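Trainee: I'd like to learn how to read helices and their packing in a model. Can we go through one together?

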Amino acid sequence: MIGRGGFLLRALPPLRRSLDQVVAHAAEWERRNAALLADPSADGPLWAVLGDSAAQGVGLASVDEGYVGRVRRLLERRDGRPWRVLNLSRSGAVIADLLDEQLPRLSGLQAAGWRLDLVSAVAGGNDLRRTPLEQLLAAVPALVAAVPPGTVVATFPQGLKPARARAANAVLRRLAAERGLPVVDLWRATAPPFRGKYADGLHPNAVGVTDWVAAFTDALSLPAEVDPPRRPG
């Protein structure tokens, strides 16, 4: 994400904060993942997260303020017990990275005896910007076919390349229905207006994440958030 133009990005305070969070949040999730994997006998259902910077919580001061942290709290309210989270996401990931890196890692853990109570695969924002449409429309079926049974998949959110997102979402919805996979409908939940929902123009802030949590709430039959962050009236 830094690459060419990185100097310019770091000159802009919101983007500089996000770039710093990419590093800090990745380190925090790796620390948590390592602690979880070091204690396979720990109790509590396990959620494996596949995705990109949104799953990492980039755009928020703490990883627990992202959709993963907030949905985890709703899972715990619903079930009355703690949930564990194994976050295999990576900032900047496209769907091909889920297929080539994250899903093989997940399969390895399952082969080693880890039982997963929930798997989510939420990605695509980076594909809308970087992946040619033909490749994108091939990647979506590959992802839907590759995830474990019962995996929660998500439509592409609104706000970027709407024609491409609609085309990809049509494929995802059809194939997810054929496999019986729950769908987190980010497209429906992230309707305009967009102002006040992004930390840097790319990553949702606490208000924007509220839309994402609402989509998970519908898909997983979770209790509604109590007093979620909202845009001032």
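Trainee: Which residue follows α4, and what is the sign of its phi?

Mentor: First, the ground rules. This is a predicted model, where local features need pLDDT of at least 70, side-chain atom pairs count only at pLDDT 80 or more, and totals for chains, interfaces and linings use all residues. Residues are numbered from 1 along each chain as its sequence is written, and side-chain values use heavy atoms, with hydrogens and water left out. Now your question: Gly80 comes after α4, and its phi is positive, near 70°.

Trainee: Which residues of α4 are buried?

Mentor: Buried means under 20% relative accessible area, with a 1.4 Å probe and protein chains only. In α4 those are Tyr67, Val68, Gly69, Arg70, Val71, Leu74 and Leu75.

Trainee: At what angle do α7 and α8 pack?

Mentor: Axes are lines fitted to C-alpha atoms over the stretch in contact, and angles run from 0 to 180 degrees between N-to-C directions. Helix α7 (residues 133–146) and helix α8 (residues 162–179) pack at about 20°, with axes 9 Å apart. Angles under 35 degrees count as roughly parallel, so α7 is roughly parallel to α8.

Trainee: And how do α5 and α7 pack, and which residues make the contact?

Mentor: Helix α5 (residues 95–111) meets α7 at an angle of about 35°, with the axes 8 Å apart. Contact means heavy atoms within 4.5 Å. Here Ile95, Leu98, Leu99 and Leu103 of α5 touch Leu136, Ala139, Val140, Ala142, Leu143 and Ala146 of α7.

Conventions:
Helices (H or I, at least four residues) and strands (E, at least two) are DSSP runs, numbered from the N terminus. Angles under 35 degrees count as roughly parallel, over 145 as roughly antiparallel, 65 to 115 as roughly perpendicular and the rest as oblique. Buried means under 20% relative accessible area, exposed over 50%, partly exposed in between (1.4 Å probe, protein chains only).
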